[in-house]
There are 2 protein chains.
Amino acid sequence: MIRNIYNGRVVTLNIETVQLPNGVTVDLETIRHPGAAAVVPVKDDGTVVLIRQFRHAAGGFIYEIPAGKLNPGEDPLHCASRELEEEVGYRAASFVLLTSIFTAPGFADEVIHIYQATGLTKGRQQLDRDEVLEVVEMPLAEAVRKIAEGTIRDAKTIVGVQAAYLRGIAR
Amino acid sequence: MIRNIYNGRVVTLNIETVQLPNGVTVDLETIRHPGAAAVVPVKDDGTVVLIRQFRHAAGGFIYEIPAGKLNPGEDPLHCASRELEEEVGYRAASFVLLTSIFTAPGFADEVIHIYQATGLTKGRQQLDRDEVLEVVEMPLAEAVRKIAEGTIRDAKTIVGVQAAYLRGIAR
């Protein structure tokens, strides 16, 4: 049984009555989210293109990789490509799926598909009015250090940067 | 201005009217969450202790590291230690904070503090009635492979396992 509490632009909140595999029945607060795509853009010289974005829920500006919500029915790869150009002004010759993550499976069904983009060329940045961000480029190894230091704290960004770095090491 | 939509056991949903740093005013669907702590338990021989847990929002069983919500005012380290023993039945001689992540800063303020635990000794597992999980142990390098293959998909788990692995490499 699903009791709908709220349908928003970004999230839907339901109370969902569920029988668990152990037979126990529980009411679970469940956020339904359309999902998203994100991109780790890596230049030929190993520079990664990040953003510092204002996030109200995080209380200020945080480092992130370019990302955006999926439109209804949208291919995550198309979304990744779109957000790459709109948020940081690059196009990419090649996209490889690094992983698809559950961000908060205890209460939300959001999945973010994370791609690595290479073969970058200049496109045209085009921010929405509610997007407040600046582009920050740095060596991939420096981004890995910023994770270890606690300066980069966004989950999808850490997953993507670490995965791209480990992929480079494995070669 | 904050319009409260719902106060639940796990999440609070507000519509928060915010003036962004560019002067634009927006209504943001904002999930307030108490935060959580998680643990990457690593044995002396390099085995990591994971769980396969039933998660309704994720549609089934997923690999995770032991984790739990913070009680009001609780020290994240205390929470990590408690969840380690309750979920997988281990105590640890040493905890090191790997990082603190925002799981979904586009709509939620949840922070998860992720520790690496070492010096493991047997304690007593004690599951809540709504926790359905089995303990799965494997070499840390195998967990890293399961991330690259897409078998491990939980964000906090990927962040923690990759961080513990990179920390090992850096030594």
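**A helix with one buried face, and the chain A fold**

In helix 2 of chain B, which spans residues 140-148, the buried residues are B:Leu140, B:Ala143, B:Val144, B:Lys146 and B:Ile147. Viewed down the axis of helix 2 of chain B, these buried residues fall within an arc of 160°, so they line one face of the helix. The general geometry of helices bears on this arrangement: an α-helix has 3.6 residues a turn, so residues three or four places apart point the same way. After helix 2 of chain B comes B:Gly150, which has a positive phi, near 90°. The model described here is a predicted one.

Attention now turns to chain A. Its secondary structure consists of three helices and 10 strands. Along the sequence of chain A, these elements follow the order β-β-β-β-β-β-β-α-β-β-β-α-α. Taken along the principal axes, the C-alpha atoms of chain A occupy a box of roughly 55 × 35 × 30 Å.

The contacts of chain A show how distant parts of the sequence meet. Among contacts in chain A with a separation of 6 or more, 58% are accounted for by residues 24 or more positions apart. Chain A has 171 residues, and 57% of them count as buried.

The surface and the charges of chain A complete the description. The accessible surface of chain A amounts to about 7300 Å², and carbon and sulfur atoms make up 48% of that surface. Chain A carries 18 positive and 22 negative charges, and the mean positions of these two sets lie 2 Å apart.

Notes:
Residues numbered from 1 in each chain as written. Chains lettered and ligands numbered in written order. Predicted model: local features only at pLDDT ≥ 70, side-chain atom pairs only at ≥ 80, totals over all residues. Heavy atoms only, no water. Helix = DSSP H or I, 4+ residues; strand = E, 2+ residues; numbered from the N terminus. Buried < 20%, exposed > 50% of the residue type's maximum accessible area, 1.4 Å probe, protein only. Contact = heavy atoms within 4.5 Å. Areas by Shrake-Rupley, 256 points an atom, 1.4 Å probe, with all protein chains shown as cover. Lys, Arg positive; Asp, Glu negative; His and termini not counted. Charge placed at Lys NZ, Arg CZ, Asp CG, Glu CD. Arc of directions from axis to C-beta.
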